[in-house]
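Work through the exercises below with the sequence and the structure open. Try each task before reading its solution.

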Amino acid sequence: MTEPFNEGAYLAALIELHAGVEFKGPGDKDYSRALMAGLPGLPPDPRVADLGCGSGVATLLLAEHFGGVVKAVDLCEAFVEDLRCDAAAAGLAGHVEAICADMGALDWPPASLDLIWSEGAAYNLGFERALTRWRPLLAPGGLAVISEMSWFAEERPAAAVEYWQVAYPGMASETENAAHARRTGFEVLDIRRLPAEAWWRNYYGPLEARMGQVERTPAMAAVIEETTMEIDLFRRYSDYYGYSFYVLRTA
Ligand SMILES: C[S@@+](CC[C@H](N)C(=O)[O-])C[C@H]1O[C@@H](n2cnc3c(N)ncnc32)[C@H](O)[C@@H]1O
(Lines give C-alpha, C1' and ligand atoms only; values in the text may rest on other atoms or scores of the structure.)
Protein backbone atom coordinates (compact mmCIF):
# COMPACT_ATOMS: atom_id res chain seq x y z
CA MET A 1 0.00 0.00 0.00
CA THR A 2 1.25 3.51 -0.81
CA GLU A 3 2.01 5.62 2.26
CA PRO A 4 -0.07 8.80 2.46
CA PHE A 5 1.51 12.19 1.88
CA ASN A 6 0.18 15.74 1.90
CA GLU A 7 0.07 18.45 -0.74
CA GLY A 8 3.19 20.11 0.70
CA ALA A 9 5.17 16.90 0.33
CA TYR A 10 3.96 16.55 -3.27
CA LEU A 11 5.03 20.13 -4.09
CA ALA A 12 8.41 19.60 -2.41
CA ALA A 13 8.92 16.43 -4.49
CA LEU A 14 7.93 18.30 -7.67
CA ILE A 15 10.52 20.99 -6.90
CA GLU A 16 13.11 18.31 -6.05
CA LEU A 17 12.49 16.53 -9.38
CA HIS A 18 13.02 19.81 -11.23
CA ALA A 19 16.13 20.77 -9.24
CA GLY A 20 19.15 20.35 -11.46
CA VAL A 21 16.99 20.48 -14.62
CA GLU A 22 17.78 23.80 -16.26
CA PHE A 23 14.35 24.37 -17.83
CA LYS A 24 11.43 24.18 -15.41
CA GLY A 25 9.05 23.93 -18.35
CA PRO A 26 9.26 23.49 -22.13
CA GLY A 27 11.45 26.11 -23.79
CA ASP A 28 14.49 26.66 -25.99
CA LYS A 29 17.24 29.25 -25.78
CA ASP A 30 17.70 29.83 -29.53
CA TYR A 31 13.96 30.03 -30.02
CA SER A 32 13.62 32.64 -27.24
CA ARG A 33 16.64 34.60 -28.48
CA ALA A 34 15.12 34.78 -31.97
CA LEU A 35 11.83 36.03 -30.50
CA MET A 36 13.66 38.70 -28.47
CA ALA A 37 15.60 39.84 -31.52
CA GLY A 38 12.41 40.25 -33.56
CA LEU A 39 10.40 42.32 -31.06
CA PRO A 40 9.18 45.57 -32.58
CA GLY A 41 9.17 49.08 -31.18
CA LEU A 42 10.85 48.76 -27.80
CA PRO A 43 12.65 51.85 -26.41
CA PRO A 44 16.49 51.80 -26.36
CA ASP A 45 16.81 50.65 -22.72
CA PRO A 46 13.61 48.74 -22.10
CA ARG A 47 12.43 47.99 -18.57
CA VAL A 48 12.02 44.20 -18.59
CA ALA A 49 10.49 41.63 -16.23
CA ASP A 50 10.47 37.82 -16.43
CA LEU A 51 7.44 36.56 -14.47
CA GLY A 52 7.37 32.98 -13.19
CA CYS A 53 11.05 32.88 -14.12
CA GLY A 54 11.89 29.51 -12.52
CA SER A 55 15.66 29.37 -12.23
CA GLY A 56 15.86 32.04 -14.89
CA VAL A 57 16.91 30.55 -18.22
CA ALA A 58 15.01 33.28 -20.06
CA THR A 59 16.02 35.93 -17.50
CA LEU A 60 19.69 35.49 -18.37
CA LEU A 61 18.90 35.62 -22.10
CA LEU A 62 16.91 38.82 -21.56
CA ALA A 63 19.76 40.34 -19.54
CA GLU A 64 22.26 39.44 -22.27
CA HIS A 65 20.03 40.71 -25.05
CA PHE A 66 18.73 43.97 -23.58
CA GLY A 67 21.34 44.88 -20.95
CA GLY A 68 19.82 46.89 -18.09
CA VAL A 69 18.41 45.13 -15.05
CA VAL A 70 15.80 42.39 -15.57
CA LYS A 71 13.32 41.96 -12.72
CA ALA A 72 12.79 38.21 -12.34
CA VAL A 73 9.97 36.91 -10.15
CA ASP A 74 9.21 33.42 -8.90
CA LEU A 75 7.37 32.05 -5.90
CA CYS A 76 9.88 29.25 -5.35
CA GLU A 77 12.80 30.45 -3.21
CA ALA A 78 15.06 27.59 -4.33
CA PHE A 79 14.63 28.50 -8.01
CA VAL A 80 15.22 32.20 -7.26
CA GLU A 81 18.40 31.29 -5.38
CA ASP A 82 19.56 29.17 -8.36
CA LEU A 83 19.02 32.19 -10.60
CA ARG A 84 21.12 34.40 -8.29
CA CYS A 85 23.96 31.85 -8.46
CA ASP A 86 23.68 31.37 -12.24
CA ALA A 87 23.56 35.13 -12.84
CA ALA A 88 26.71 35.59 -10.74
CA ALA A 89 28.45 32.70 -12.56
CA ALA A 90 27.55 34.25 -15.91
CA GLY A 91 28.87 37.69 -14.84
CA LEU A 92 25.30 39.03 -14.99
CA ALA A 93 24.61 39.57 -11.27
CA GLY A 94 24.32 43.33 -11.81
CA HIS A 95 21.77 42.76 -14.56
CA VAL A 96 19.30 40.59 -12.66
CA GLU A 97 17.03 41.52 -9.76
CA ALA A 98 15.80 38.11 -8.55
CA ILE A 99 12.64 38.46 -6.48
CA CYS A 100 10.77 35.78 -4.55
CA ALA A 101 7.15 36.93 -4.84
CA ASP A 102 3.70 36.16 -6.19
CA MET A 103 3.62 37.27 -9.82
CA GLY A 104 -0.13 37.71 -9.49
CA ALA A 105 0.14 40.31 -6.74
CA LEU A 106 2.96 42.62 -7.78
CA ASP A 107 2.77 46.08 -6.22
CA TRP A 108 4.93 47.71 -8.90
CA PRO A 109 3.89 51.14 -10.20
CA PRO A 110 1.55 51.24 -13.18
CA ALA A 111 3.24 51.63 -16.59
CA SER A 112 6.65 50.80 -15.10
CA LEU A 113 7.65 48.11 -17.65
CA ASP A 114 8.25 48.03 -21.40
CA LEU A 115 8.40 44.24 -21.74
CA ILE A 116 6.86 41.40 -19.74
CA TRP A 117 8.28 37.99 -20.58
CA SER A 118 6.77 34.82 -19.14
CA GLU A 119 7.45 31.26 -20.24
CA GLY A 120 5.26 28.40 -19.08
CA ALA A 121 4.06 30.17 -15.97
CA ALA A 122 0.91 32.20 -16.73
CA TYR A 123 -1.24 29.06 -16.39
CA ASN A 124 -0.63 29.19 -12.63
CA LEU A 125 -2.86 32.26 -12.53
CA GLY A 126 -4.86 31.36 -15.63
CA PHE A 127 -3.96 33.04 -18.94
CA GLU A 128 -6.68 35.70 -18.89
CA ARG A 129 -6.20 36.48 -15.20
CA ALA A 130 -2.45 36.79 -15.71
CA LEU A 131 -2.98 39.24 -18.57
CA THR A 132 -5.47 41.23 -16.49
CA ARG A 133 -3.01 41.50 -13.60
CA TRP A 134 0.00 42.32 -15.79
CA ARG A 135 -1.54 44.73 -18.32
CA PRO A 136 -1.48 47.80 -15.95
CA LEU A 137 2.26 47.29 -15.36
CA LEU A 138 3.03 47.99 -19.02
CA ALA A 139 3.77 51.44 -20.40
CA PRO A 140 1.87 52.55 -23.54
CA GLY A 141 3.16 50.50 -26.49
CA GLY A 142 4.65 47.94 -24.07
CA LEU A 143 4.97 44.31 -25.11
CA ALA A 144 4.17 41.00 -23.46
CA VAL A 145 5.59 37.68 -24.64
CA ILE A 146 3.82 34.85 -22.88
CA SER A 147 3.93 31.14 -23.59
CA GLU A 148 0.79 29.20 -22.78
CA MET A 149 -0.36 25.61 -23.21
CA SER A 150 -2.80 25.75 -26.09
CA TRP A 151 -4.91 23.47 -28.22
CA PHE A 152 -3.71 23.58 -31.82
CA ALA A 153 -6.79 22.16 -33.54
CA GLU A 154 -10.50 21.77 -33.10
CA GLU A 155 -10.01 18.01 -33.26
CA ARG A 156 -8.88 16.91 -29.76
CA PRO A 157 -8.07 13.30 -28.83
CA ALA A 158 -10.29 12.11 -25.98
CA ALA A 159 -7.35 10.93 -23.85
CA ALA A 160 -5.68 14.34 -24.10
CA VAL A 161 -8.93 16.16 -23.27
CA GLU A 162 -9.52 13.87 -20.30
CA TYR A 163 -6.03 14.51 -18.92
CA TRP A 164 -5.90 18.28 -19.46
CA GLN A 165 -9.44 18.84 -18.18
CA VAL A 166 -8.08 17.81 -14.80
CA ALA A 167 -4.49 19.09 -15.07
CA TYR A 168 -5.38 22.48 -16.57
CA PRO A 169 -9.11 23.04 -17.01
CA GLY A 170 -8.48 26.56 -18.36
CA MET A 171 -6.43 25.34 -21.33
CA ALA A 172 -7.82 27.05 -24.44
CA SER A 173 -7.22 27.18 -28.18
CA GLU A 174 -4.96 29.80 -29.76
CA THR A 175 -8.05 31.56 -31.10
CA GLU A 176 -9.62 31.67 -27.64
CA ASN A 177 -6.39 32.90 -26.07
CA ALA A 178 -6.07 35.63 -28.70
CA ALA A 179 -9.61 36.70 -27.75
CA HIS A 180 -8.61 36.71 -24.04
CA ALA A 181 -5.66 38.94 -24.95
CA ARG A 182 -7.83 41.41 -26.86
CA ARG A 183 -10.39 41.50 -24.05
CA THR A 184 -7.69 42.39 -21.54
CA GLY A 185 -6.31 45.31 -23.55
CA PHE A 186 -3.77 43.82 -25.92
CA GLU A 187 -3.24 43.68 -29.65
CA VAL A 188 -2.03 40.25 -30.84
CA LEU A 189 1.11 40.73 -32.95
CA ASP A 190 2.04 37.07 -33.41
CA ILE A 191 1.39 33.54 -32.18
CA ARG A 192 4.23 31.03 -32.57
CA ARG A 193 4.42 27.40 -31.53
CA LEU A 194 7.39 25.99 -29.65
CA PRO A 195 8.57 22.97 -31.72
CA ALA A 196 7.95 19.58 -30.07
CA GLU A 197 11.70 18.75 -30.38
CA ALA A 198 12.43 21.52 -27.85
CA TRP A 199 10.16 19.82 -25.30
CA TRP A 200 12.13 16.58 -25.63
CA ARG A 201 15.61 18.08 -25.83
CA ASN A 202 15.36 20.64 -23.04
CA TYR A 203 12.61 19.51 -20.71
CA TYR A 204 11.12 16.02 -20.90
CA GLY A 205 14.46 14.37 -21.78
CA PRO A 206 16.36 15.87 -18.80
CA LEU A 207 13.33 15.28 -16.55
CA GLU A 208 13.19 11.58 -17.48
CA ALA A 209 16.91 11.28 -16.74
CA ARG A 210 16.40 12.99 -13.38
CA MET A 211 13.66 10.47 -12.45
CA GLY A 212 16.37 7.83 -12.22
CA GLN A 213 18.44 9.93 -9.79
CA VAL A 214 15.97 11.01 -7.11
CA GLU A 215 14.95 9.13 -4.00
CA ARG A 216 11.52 7.53 -4.48
CA THR A 217 9.59 8.70 -1.45
CA PRO A 218 5.81 8.13 -1.71
CA ALA A 219 5.33 11.75 -2.75
CA MET A 220 8.13 11.47 -5.34
CA ALA A 221 6.62 8.25 -6.70
CA ALA A 222 3.32 10.10 -7.21
CA VAL A 223 5.08 13.02 -8.93
CA ILE A 224 6.94 10.62 -11.22
CA GLU A 225 3.76 8.71 -12.07
CA GLU A 226 1.92 11.94 -12.93
CA THR A 227 4.85 13.34 -14.94
CA THR A 228 5.26 10.07 -16.85
CA MET A 229 1.58 10.19 -17.77
CA GLU A 230 2.00 13.75 -19.05
CA ILE A 231 5.07 12.76 -21.07
CA ASP A 232 3.38 9.70 -22.61
CA LEU A 233 0.46 11.83 -23.64
CA PHE A 234 2.71 14.39 -25.32
CA ARG A 235 4.54 11.56 -27.12
CA ARG A 236 1.24 10.53 -28.69
CA TYR A 237 -0.51 13.85 -29.18
CA SER A 238 2.00 16.67 -29.64
CA ASP A 239 0.33 17.56 -32.94
CA TYR A 240 -2.79 18.57 -31.04
CA TYR A 241 -1.47 20.80 -28.25
CA GLY A 242 1.67 22.45 -26.95
CA TYR A 243 3.14 25.76 -25.95
CA SER A 244 2.27 28.76 -28.07
CA PHE A 245 4.10 32.03 -27.58
CA TYR A 246 1.73 35.01 -27.69
CA VAL A 247 3.44 38.23 -28.72
CA LEU A 248 1.20 41.04 -27.50
CA ARG A 249 1.27 44.83 -27.49
CA THR A 250 -0.82 47.11 -25.30
CA ALA A 251 -3.80 48.36 -27.31
C1 LIG B 1 6.71 25.55 -15.58
S2 LIG B 1 7.68 26.59 -14.57
C3 LIG B 1 8.45 27.66 -15.78
C4 LIG B 1 9.66 28.37 -15.24
C5 LIG B 1 10.51 29.13 -16.23
N6 LIG B 1 9.81 30.22 -16.84
C7 LIG B 1 11.07 28.20 -17.28
O8 LIG B 1 10.55 28.22 -18.41
O9 LIG B 1 12.00 27.44 -16.97
C10 LIG B 1 6.48 27.63 -13.81
C11 LIG B 1 7.05 28.53 -12.71
O12 LIG B 1 6.03 29.39 -12.19
C13 LIG B 1 6.30 29.57 -10.81
N14 LIG B 1 5.06 30.05 -10.17
C15 LIG B 1 3.90 29.40 -9.98
N16 LIG B 1 3.00 30.20 -9.41
C17 LIG B 1 3.61 31.40 -9.22
C18 LIG B 1 3.19 32.65 -8.68
N19 LIG B 1 1.95 32.84 -8.23
N20 LIG B 1 4.09 33.66 -8.64
C21 LIG B 1 5.35 33.50 -9.10
N22 LIG B 1 5.79 32.34 -9.64
C23 LIG B 1 4.94 31.31 -9.70
C24 LIG B 1 6.77 28.22 -10.34
O25 LIG B 1 7.50 28.30 -9.13
C26 LIG B 1 7.63 27.78 -11.52
O27 LIG B 1 8.97 28.15 -11.36
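The exercises follow one strand, its neighbours, the ligand shell and the core of this predicted model.

**Exercise 1.** Determine which way the side chains of strand S1 (residues 48–51) point, and whether they are buried or exposed.

Solution. Start with Val48 and Asp50, which point one way from S1. Ala49 and Leu51 point the other way. Then check burial: all of these residues, Asp50 included, are buried.

**Exercise 2.** Find the strands that pair with S1, and give the sense of each pairing.

Solution. Take strand S2 (residues 70–74): four bridges join S2 to S1, and the two run parallel. Within this pair, Leu51 stands opposite Val73 of S2. Now take strand S4 (residues 113–118), which pairs with S1 over three bridges, also in the parallel sense. Here Ala49 has Ile116 of S4 as its bridge partner. Finally, trace the chain connection: S1, helix H3 (residues 57–66) and S2 form a β-α-β unit, and this unit is right-handed.

**Exercise 3.** Describe the residues around the ligand.

Solution. Count the shell, which has 21 residues; Lys24, Gly25, Gly52, Gly54 and Asn124 are the closest. Next, assign elements: H3 and S2 are those that give two or more residues to the shell. Sorted by class, 10 shell residues are nonpolar, seven are polar and four are charged.

**Exercise 4.** Which residues touch the most other members of the largest nonpolar core?

Solution. The core has 59 residues, and Ile116 and Ala144 touch the most other members. Follow Ile116 further, leaving out residues up to four places away in sequence: Ile116 touches Ala49, Leu51, Trp134, Leu137, Leu138 and Ala144. Among these contacts, Ala49 is also the bridge partner of Ile116.

Technical notes: Residues numbered from 1 in each chain as written. Predicted model: local features only at pLDDT ≥ 70, side-chain atom pairs only at ≥ 80, totals over all residues. Buried ≥ 20, exposed ≤ 12 C-beta atoms within 10 Å, placed from the backbone. Pairing = 2+ DSSP bridges. Right-handed = clockwise from strand over helix to strand, strands pointing away. Near = placed C-beta within 6 Å. Nonpolar A, V, L, I, M, F, W, Y, C, P; charged D, E, K, R; others polar. Core = buried A, V, L, I, M, F, W, Y, C linked by C-beta atoms within 7 Å. Contact = placed C-beta atoms within 7 Å.
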